Amino acid sequence: MNGSRRATPWKGIRSMKHPRDFSIDEILASSWGRRLADDIAAELELASGEPRTSVPEIRRFFAIKSCRNLLGRLESARNGKSSFSALRAVAGEMRRFAVEHPGLAAATFRAPVTECPEWRRAYEEIQEFMVAVFAECNLCGREGHDALQILRCLVRGFALHEFMDAFLHTYSYDEAYERALDIFIAGLRVGRTKGPESALRQAVSAATSEPRI
């Protein structure tokens, strides 16, 4: 992915027809669309043993797949790094995954259904991995979990705007995201210098206590 302002996935279609003029029925009416849908359904049926019309099974399949794919990429990004260097690398990979695979990424943000142990475990493995990364940054326990939730919101919100090309006056999404990480990590560092207890709250307090311009 380059750092320039990207075209949205719909722009190539807009030259022919506005996306709002398309319907699901039109898309699926094409022979290519039917073959693609049938191929995905057959794969799901083969992998799960469930009927291809089972929507809950489809959700579980993609959620587990996306969690495993994301975890593998995060592990690779973290390799050879530690502390805030590892956090920055992992956060960057989270954004790339979300932009490259918006559908799969959305599945990783959903809480797993309680009756699916495999989905729950895949979700927990990502949680455990990220909690360990934050622990290296001296953010443990609740502080680490709070930091993770903030990062998830940052990644998801940024990726959504990037995918939709919704930012104004943004010449480089790469640079904009790096700046966002600078601010996020700076807040964590401020909290860490004040001690591990209530680090995030101390960072917020330090930031809000400064006079506004």
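**Figure 1. Helix α5 in the predicted model.** Helix α5 spans residues 83-100 of this predicted model. Its 18 residues reach 26 Å from the first C-alpha to the last, close to the 26 Å expected at 1.5 Å a residue. Of these 18 residues, 14 are buried, so α5 is largely enclosed by the rest of the structure. Ser 83 is found in this helix. Its phi is near 55°, a positive value in a residue other than glycine. Most residues other than glycine have a negative phi. Ser 83 counts as buried because its relative accessibility, 17%, falls under the 20% limit.

**Figure 2. Surroundings of Ser 66 in helix α4.** Ser 66 is found in helix α4, which covers residues 55-78. With a relative accessible area of 0%, Ser 66 is buried. A polar atom of the Ser 66 side chain lies 2.9 Å from the backbone oxygen of Ala 63. Ala 63 and Ser 66 both fall within the residue range 55-78 of α4. In an α-helix there are 3.6 residues a turn, so residues three or four places apart point the same way. When residues up to four places away in sequence are not counted, Ser 66 touches Phe 97, Leu 104, Ala 107 and Thr 108. Phe 97 falls within the range of helix α5, residues 83-100.

**Figure 3. The aromatic pair of Phe 134 and Phe 184.** A search of the whole structure finds 3 aromatic pairs. In one of them, the ring centres of Phe 134 and Phe 184 are 6.5 Å apart and the ring planes stand at 85°, so the pair is edge-to-face. The angle meets the criterion for this class because it is over 60 degrees. Phe 134 lies in helix α7 (residues 117-136) and Phe 184 in helix α9 (residues 173-193), so the pair ties together parts that are 50 residues apart in sequence. Phe 134 is buried, with a relative accessible area of 0%. Phe 184 counts as buried as well, at 10% relative accessibility.

**Figure 4. The aromatic cluster of Phe 158, Tyr 173 and Tyr 177.** Phe 158 and Tyr 173 form an edge-to-face aromatic pair, with 6.4 Å from centre to centre and 85° between the planes. This pair links distant parts of the chain: Phe 158 is in helix α8 (residues 142-164) and Tyr 173 is in helix α9, 15 residues apart. Phe 158 counts as buried at 8% relative accessibility, and Tyr 173 counts as buried at 1%. Together with Tyr 177, Phe 158 and Tyr 173 form one aromatic cluster.

**Figure 5. Arginine side chains placed over phenylalanine rings.** The charged end of Arg 78 sits over the ring of Phe 129, at 5.2 Å from the ring centre. Arg 78 falls within the residue range of helix α4, residues 55-78, and Phe 129 within that of helix α7, residues 117-136. In a second arrangement, the charged end of Arg 189 sits over the ring of Phe 84, at 4.2 Å from the ring centre. Phe 84 falls within the range of helix α5, residues 83-100, and Arg 189 within that of helix α9, residues 173-193.

**Figure 6. Asn 138 and Asp 146, in and after the loop between α7 and α8.** Asn 138 has its place in the loop between α7 and α8. Its phi is near 70°, a positive value in a residue other than glycine. At 29% relative accessibility, Asn 138 counts as partly exposed. Asp 146 lies in helix α8 and also counts as partly exposed, at 27% relative accessibility. The C-alpha atoms of Asp 146 and Val 131 are separated by 9.8 Å, with the two residues 15 residues apart along the chain.

**Figure 7. The protein as a whole, as context for the close-up views.** The protein contains 10 helices and 0 strands, and from the N terminus on its elements run α-α-α-α-α-α-α-α-α-α. Buried residues make up 36% of its 213 residues. Among contacts between residues at least 6 apart in sequence, 64% join residues at least 24 apart. The protein exposes about 13000 Å², of which carbon and sulfur atoms supply 56%.

Key
Residues are numbered from 1 along each chain as its sequence is written. This is a predicted model: local features need pLDDT of at least 70, side-chain atom pairs count only at pLDDT 80 or more; totals for chains, interfaces and linings use all residues. Side-chain values use heavy atoms; hydrogens and water are left out. Rings of Phe, Tyr and Trp (its six-membered ring) pair if their centres lie within 6.5 Å; planes under 30 degrees apart count as stacked, over 60 as edge-to-face and the rest as tilted. Helices (H or I, at least four residues) and strands (E, at least two) are DSSP runs, numbered from the N terminus. Buried means under 20% relative accessible area, exposed over 50%, partly exposed in between (1.4 Å probe, protein chains only). A charge sits over a ring if NZ of Lys or CZ of Arg is within 6 Å of the ring centre and within 35 degrees of the ring normal. Contact means heavy atoms within 4.5 Å. Accessible areas come from the Shrake-Rupley method with a 1.4 Å probe; for residues, only the protein chains shown count as cover. A polar contact is a pair of N or O atoms within 3.5 Å; within protein, one must be able to donate a hydrogen and the other to accept it, and residues adjacent in sequence count only if both atoms are side-chain atoms. The expected span of a helix is 1.5 Å times one less than its number of residues.
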